[in-house]
Amino acid sequence: MRIAVVGGGPGGLFFAALVRQADPSVEVTVFERNRADDAFGFGVVFSDRTLAGIHQADPVLRQALDEHGRHWEDIEVRLKGERIRCGGNGMAAIVRRTLLALLQDRARDLGADLRFETEVSLGDLGGYDLVVAADGTSSRIRDTLAERLEPAVETATAKFIWFGTDYMFDQLTFVHERGPHGVFAVHAYPISTDVSTFIVETDEHSWRAAGLDAFDVTQPPGKSDLASKAYLEELFGEQIDGHRLLVNNSRWGNFRTRRTRHWYVTEPRPVVLLGDAVHTAHFSVGSGTKMAMEDAIVLSAALTKHTTDLPAALAAYEAAARPSVETIQGAARPSLGWWERFGEYHDAFEPWQFAYHFLSRSITDARLARRAPDFIRASHDQWQARYGAEPLDTPFDFGSWQLPSRIMVVGPDATVAVGGTGRPLPLHTDAPDTTALWGARVQAPDDESGLAAAHTHLADLAAAGPLLVAVHGGTAHTRALLTERARLHHTLPALLIDDTLDRDRAVTAVLSGRTDLVGASAETVAAWETPS
């Protein structure tokens, strides 16, 4: 078999090495349009939990991290002069250029033919039995076959730019600063003994207000935005002790989440996508490099198993790799959304609750407790110091009503039992003309495209002056966004109605500040009120 790999990034190189390792009779040629030592960006990070499968497939990454990488256990959140740490988050990082050089050596040693500064199209590869498109998020191979592969893309509203710095962070660190033009945040982590990755995110309003929209992003790759570098060096000067930011094709962009309906075609010739060419997930949750290398493992294994049936191999690859990718993308959407709204959270929450809100965006209180018991204990202690009880057991005062806890029983007729008396009160969906509502009931949309209309409806109801806003329906993500909108934008108490919640997720919702109250059927509430 003759295989052409288009793209010499980590995924393509790792696949080439694995295929040659499994079957030295397979001829593998890697075509990379850049030079061998070109590497845009700075570092690549992996969590300990995701490395086992990669290590088992081939030792090259483990050896690279052991000899050249940095490892840490904590995440640190810096906000308003405080530094909050959360342990149990084992991660390792390495300089991208170093990783690429080691993967190149590994693939070459196993007999792959590596051709750099060689740009190819699908039409140039007619002599190969299989084309593996590992040519990144802007894949030309994918675009050539777009009608059949049906790719889709969602563009985030937040802006980001990728730098390095010669300031040495000790671990993955999130830094948040409100400057004269808005709120900016940093994802930073060490990648060697003398360099850290330094990714900055902000919202478009802050970005424009700071005058950072002047750089021409249509210029060819390579040139960096030096005006933004100078601005951010000053803004984060205290956080990096006056050290420099380092550039490498550093320019602002909007993250694009890519999904592809079909990962391969068999006619007129077999072509399969791998890594960022077929899927992406926001870097706050998923490492694109890690996902690409996992794709390489699955594709190589499928080809090795189905040696005489290429269509079956490609079908097996997609069937095996897609579920993991979709799980990561599902977790990444709330995380990416958090970064689109972090300025609001920065202003609304105390540092401890901001950190808890951030770290619980894709994980529950109990799961975090298993990973970082000290962090969870400290968060609960902060809540108890303020309210005198655990989150679900904390009374809530409406002024005219007081609830003994943060839990409400919601009846099938859209009424709630209030104040422990069992008295039913209605949750209206339309504002009456003359009297204030006791409770305004808002249905969350099934996806984020419906949020604008939901926000308008919420604003209309809020104008009637209800004592609370009750949110139901939709998805867990859209429900949480609407209860937050009620609390943070309209300054109204919010009730999250969700009969699928267990006690753990109910605690997480209240302690994080995503909602004030949780409500469900009497049977579900009974389970919440019985601590496990």
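Two strands pair if DSSP finds at least two bridges between them, and the exercises below apply this to a predicted model.

**Exercise 1. Find the order of the strands in the open sheet, and then find the bridge partner of V132 in β17.**

Solution. Begin with the whole sheet: six strands form an open sheet, and reading across it gives the order β8-β2-β1-β9-β17-β16, with mixed pairing. Next, look at the two ends of that order, where β8 (113-116) and β16 (264-265) are the edge strands, each of which pairs on one side only. Then move to strand β9 (residues 130-133) and strand β17 (residues 271-273), which run parallel and are joined by three bridges. Finally, follow V132 across to β17, where its bridge partner is V272.

**Exercise 2. Decide whether the rings of Y167 and F169 are stacked, tilted or edge-to-face.**

Solution. A pair of aromatic rings is described by the distance of the centres and the angle of the planes. The first step is therefore the distance, and for Y167 and F169 the ring centres lie 4.8 Å apart, while rings pair if their centres lie within 6.5 Å. The second step is the angle: the planes stand at 80°, and planes over 60 degrees apart count as edge-to-face, so the pair Y167 and F169 is edge-to-face. As a last step, consider the surroundings: Y167 is buried, with a relative accessible area of 11%, and F169 is buried too, with a relative accessible area of 1%.

**Exercise 3. Describe the aromatic pair formed by W338 and F354, and say where in the chain each residue lies.**

Solution. The rings of W338 and F354 are 5.4 Å apart from centre to centre, with 65° between the planes, and they form an edge-to-face pair. W338 belongs to helix α10 (residues 310-348) and F354 to helix α11 (residues 351-359), so that the pair, with its residues 16 apart, links distant parts of the chain. Both W338 and F354 are buried. Widening the view, ring pairs link F174, W338, W339, F342, Y345, F349, F354 and F358 into a cluster, and the structure holds 24 aromatic pairs.

**Exercise 4. Is S250 buried or exposed, and which residues does S250 touch?**

Solution. First locate the residue: S250 lies in the loop between β14 (245-246) and β15 (253-260). Buried means under 20% relative accessible area, and because the value for S250 is 0%, S250 is buried. Lastly, leaving aside residues up to four places away in sequence, S250 touches F42, I161, W162, F163, S224 and D225.

Key: Residues numbered from 1 in each chain as written. Predicted model: local features only at pLDDT ≥ 70, side-chain atom pairs only at ≥ 80, totals over all residues. Heavy atoms only, no water. Helix = DSSP H or I, 4+ residues; strand = E, 2+ residues; numbered from the N terminus. Phe/Tyr/Trp six-rings, centres within 6.5 Å; stacked < 30°, edge-to-face > 60°. Buried < 20%, exposed > 50% of the residue type's maximum accessible area, 1.4 Å probe, protein only. Contact = heavy atoms within 4.5 Å.
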